[in-house]
Amino acid sequence: MNVIVLGAPGTGKGTYSHRVSKHFNIPHISTGDLFRDHQKKETELGKKVQEFMAKGQLVPDEITIEMVKERLAENDCENGFILDGFPRTVAQAEALDKITNIDVAVYFSAEHHVIIDRITGRRICRDCGYIHHVKNIPMKKEGKCNECGGEVYQREDETPEVVKDRLFVYDTKTRPLINHYENIGILKEIDANLDINHPNFKVVDNFIKVLEELDK
Ligand code: AMP
């Protein structure tokens, strides 16, 4: 099952994709994580993308498409994948169509004020990438990851100024993809306004249901 997830930054799609990928035993591939990994390892690619990422701008399509193409060719993608953060432009969506077929595009919708609150509270593990939130998924031990005990940090592109720019980029470049996938009939929308600890939170269950439907 080849899955892409769409939605503004801060809709929680990274957290949900991480959980659902474990449920179905397929890899969760986040282009943001891949780029951050390159930065951490100080590769050539990592250096090239540093400035774009710090400013909340998109990395050029050629660089991003090449990286995704290589990642999707790895063995662990044989039974499918959850691709998170790609495509983000119409050119990337067209390139992806040439690389592989996509079974479903899951769109997480949420209001901007919900998104801003989520992003600025986010804390991420340097080692395993697990995402916490100061209010909604607090660290059990201050500064330490709940999953692996690694050090947690706040991303430099999660300050209010950069978040505003990222939402602008999303609205102008990525939002049009919702229509693209709706038109080809593979879009499924999930309301992602409720926080993960809300009693009526059903986003992960709904995400699993959407993917189970594919197998029928
Ligand atoms: P994310 O963790 O998905 O919010 O991505 C963090 C940053 O990585 C973005 O603000 C971009 O600078 C870069 N990035 C991630 N995915 C893409 C993509 N598909 N195209 C271009 N830039 C990307």
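**Figure 1. Gly-46, a buried glycine in helix α3.** At just 3% relative accessibility, Gly-46 counts as buried. This is a predicted model, here and in every view that follows. Gly-46 sits in helix α3. Leave aside the neighbours within four places in sequence, and Gly-46 is in contact with His-38 and Gln-39. If you want a distant landmark, try Met-139: Gly-46 and Met-139 are 93 residues apart in sequence, and their C-alpha atoms are 28 Å apart in space.

**Figure 2. The whole protein chain, for orientation.** Before going further in, here's the full picture: the secondary structure of the protein chain comes to 9 helices and 8 strands. The radius of gyration is 16 Å, close to the 17 Å that the globule rule gives for 216 residues, so the chain is as compact as a globular protein of that length. Its C-alpha trace spans about 45 × 45 × 35 Å along the principal axes. Of the 216 residues, 48% are buried. Take the contacts with a sequence separation of 6 or more, and 71% of them come from residues 24 or more positions apart. On the outside, the protein chain exposes about 11,300 Å², with carbon and sulfur atoms supplying 48% of that.

**Figure 3. The ligand and the residues around it.** There are 16 residues around the ligand, and the ones that come nearest are Thr-31, Arg-36, Gln-57, Gly-85 and Arg-166. Which of these put a polar atom up against the ligand? Thr-31 does, with a polar side-chain atom 2.7 Å from a ligand nitrogen. Gln-57 uses its backbone instead: an N or O atom there lies 2.6 Å from a ligand oxygen. Arg-166 brings in a polar side-chain atom, 2.9 Å from an oxygen atom of the ligand. Taken alone, the ligand exposes 480 Å², and the protein buries 96% of that.

**Figure 4. What the ligand shell is made of.** Sort the shell residues by character and you get 5 nonpolar, 6 polar and 5 charged. Which helix gives the most to this shell? That would be helix α2, residues 31-40, with 4 residues.

**Figure 5. Ile-115, with no accessible surface.** Ile-115 belongs to helix α6, which runs over residues 112-120. Its relative accessibility is 0%, so Ile-115 counts as buried. What does Ile-115 touch, once residues up to four places away in sequence are not counted? The partners are Ala-8, Pro-9, Gly-10, Thr-11, Ala-110 and Leu-167. Asn-193 is worth finding too: it is 78 residues from Ile-115 along the chain, yet the two C-alpha atoms are separated by 8.4 Å.

**Figure 6. Arg-71, a buried arginine.** Buried or exposed, which is it for Arg-71? The relative accessible area is 16%, and the cut-off for buried is under 20%, so Arg-71 is buried. This arginine lies in helix α4, residues 61-72. Its contacts, leaving aside neighbours within four places in sequence, are Pro-27, Ile-29, Leu-34, Asp-76 and Cys-77.

**Figure 7. Lys-98, out in the open on helix α5.** For contrast with the buried residues, here is a lysine in helix α5. Lys-98 is exposed, with a relative accessible area of 75%. Along the chain, Lys-98 and Tyr-181 are 83 residues apart, and their C-alpha atoms are separated by 15 Å.

**Figure 8. Backbone oddities in three loops.** Most residues other than glycine have a negative phi, and most peptide bonds are trans. These spots go the other way.

- Asn-25 isn't a glycine, but its phi is positive, about 55°. You'll find Asn-25 in the loop between α1 (13-24) and β2 (28-30). At 68% relative accessibility, Asn-25 counts as exposed.
- Glu-42 also has a positive phi, near 55°, in a residue other than glycine. Glu-42 is in the loop between α2 and α3 (44-55). Its relative accessibility is 60%, so Glu-42 counts as exposed.
- The peptide bond from Phe-86 to Pro-87 is cis, with omega near 0°. Pro-87 lies in the loop between β3 (81-84) and α5 (90-99).

How values were computed:
Residues are numbered from 1 along each chain as its sequence is written. This is a predicted model: local features need pLDDT of at least 70, side-chain atom pairs count only at pLDDT 80 or more; totals for chains, interfaces and linings use all residues. Side-chain values use heavy atoms; hydrogens and water are left out. A residue is near a molecule or strand if one of its heavy atoms lies within 4 Å of it. A polar contact is a pair of N or O atoms within 3.5 Å; within protein, one must be able to donate a hydrogen and the other to accept it, and residues adjacent in sequence count only if both atoms are side-chain atoms. Accessible areas come from the Shrake-Rupley method with a 1.4 Å probe; for residues, only the protein chains shown count as cover. Helices (H or I, at least four residues) and strands (E, at least two) are DSSP runs, numbered from the N terminus. Ala, Val, Leu, Ile, Met, Phe, Trp, Tyr, Cys and Pro count as nonpolar, Asp, Glu, Lys and Arg as charged, and the others, Gly among them, as polar. Buried means under 20% relative accessible area, exposed over 50%, partly exposed in between (1.4 Å probe, protein chains only). Contact means heavy atoms within 4.5 Å. The radius of gyration is taken over C-alpha atoms; the globule rule is 2.2 Å times the number of residues to the power 0.38.
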